[in-house]
Amino acid sequence: MEIIQIVGLGLIATVLILVVREQKPMFAFLLAAFTGLFIFLYIIGRIDTVISMLEQLAEQTGIPSIYLKTILKIIGIAYIAEFGAQIVRDAGQEGVASKIEFAGKVLILVMAVPIIHVIVETVLGLMPPGG
Amino acid sequence: MLDWLSGWLRNIITVILLAAIVDLLLPNKAMQRYARLVVGLIVLLTILSPLIRLFAGDFNDRVEDSMNAWERAGASSTAQMPTLQQISKEAQRLSNERQRQAASLAERELASAMEQEIDSRLGSEGSVAVVKLSEDGKKIASVLVTIAAAAAEKEQSGEPNSSSIQPVDIAVSVSVDEVTSAASSDESTEVKDEEPEAVTAEQKSVIEQALRQGWGIAPKQIQIRTK
């Protein structure tokens, strides 16, 4: 029952943060960041199951591996950007957090560049020359 | 035909399944919009794949190639801040380089001055001096003087100023160890043993005297040979 452990950890961290925040806001933030990091790293291994399932699926049906790679990269970028942005947001730096999210969005969009390239080339190739 | 159709459909279904799972996995709404666009493009590519294959050949390789090229470009353009260690290493390298250049310049200057002095004292021309500085560049480690053989003969015959004198190169090499002068003297005596016989004692003393008076170089550090 990992969920109980994680929720327990979260609750304890919350209580401690509330207690500490009055005296030392700095330590409260550090505690929050550490708790977030711990839960993230603790549970990131579980995504492994999902990813291996996706890989198996892709292998069985024979879709090009580049698709799966792109999709996994999107998931990774989204998670990392979201996680970093939330820690920064906890510290009260809304501006920096939104910049991190922006960077994540841009990087996800950049993943689409080769695909768009092929589609556009094909569509242009469909046009009759000189038409 | 049916095989091809079922393969195509299977591809589409798989990609759409993948897209659904990605939607579930994504952390928040803001990212979802962007991810959906990319996943939608992939679905579109899969649906269009027979058409694309018909008109543009095998496109998977091209997608992969451009993806890899883009990754390489991104990796190479990544702005890297040099670490402090790298900076100090670079500074060390630059200062070593500068010291080496200064030392070689000093060696050349010293050598040319010594050549002039030796030439004037022996009354010959064309002697060549090679100066080696010690590691820290503050002391002369060794001098190698090469005098022309003919000049040496003239000197012996007592006609140093005759016009037919050929240049004599004297090689004087002296190794000076700052810490243990005894060890260095040993080394230099060994070096002296290898000297060619053609250098007379008289020439040697003249050269050694010149170098000692001019630059304070001990005879041990000097190596003389004829060309």
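Helices (H or I, at least four residues) and strands (E, at least two) are DSSP runs, numbered from the N terminus. This is a predicted model, in which local features need pLDDT of at least 70, side-chain atom pairs count only at pLDDT 80 or more, and totals for chains, interfaces and linings use all residues. Residues are numbered from 1 along each chain as its sequence is written, and chains are lettered from A and ligands numbered from 1 in the order in which they are written.

**Exercise 1.** Find the order of helices and strands in chain B.

*Solution.* Start by counting: chain B has seven helices and four strands. Then walk from the N terminus, reading α-α-α-α-β-β-α-β-α-α-β.

**Exercise 2.** Describe the side of chain A that touches chain B.

*Solution.* Begin with the contact itself (two residues count if their C-beta atoms, placed from the backbone, lie within 7 Å): chain A gives 34 residues and chain B gives 35 residues. Next, look at the helices: H2 (25-61), H3 (65-90), H4 (94-111) and H5 (113-126) of chain A each supply at least two residues of that side. H5(A) brings the largest share, 11 residues.

**Exercise 3.** Locate the largest nonpolar core, a set of buried Ala, Val, Leu, Ile, Met, Phe, Trp, Tyr and Cys residues joined through C-beta atoms within 7 Å. (Buried: 20 or more other C-beta atoms within 10 Å of a residue's own, placed from the backbone.)

*Solution.* This core has 31 residues, and Ala78(A) and Val38(B) are among those touching the most other members. H3(A) supplies the largest share, 10 residues. Finally, zoom in on Ala78(A): beyond its neighbours within four places in sequence, its contacts include Ile108(A), Met31(B) and Ala35(B).

Technical notes: A nonpolar core is a set of buried Ala, Val, Leu, Ile, Met, Phe, Trp, Tyr and Cys residues joined through C-beta atoms within 7 Å. A residue is buried if 20 or more other C-beta atoms lie within 10 Å of its own, exposed if 12 or fewer, and partly exposed in between; C-beta atoms are placed from the backbone.
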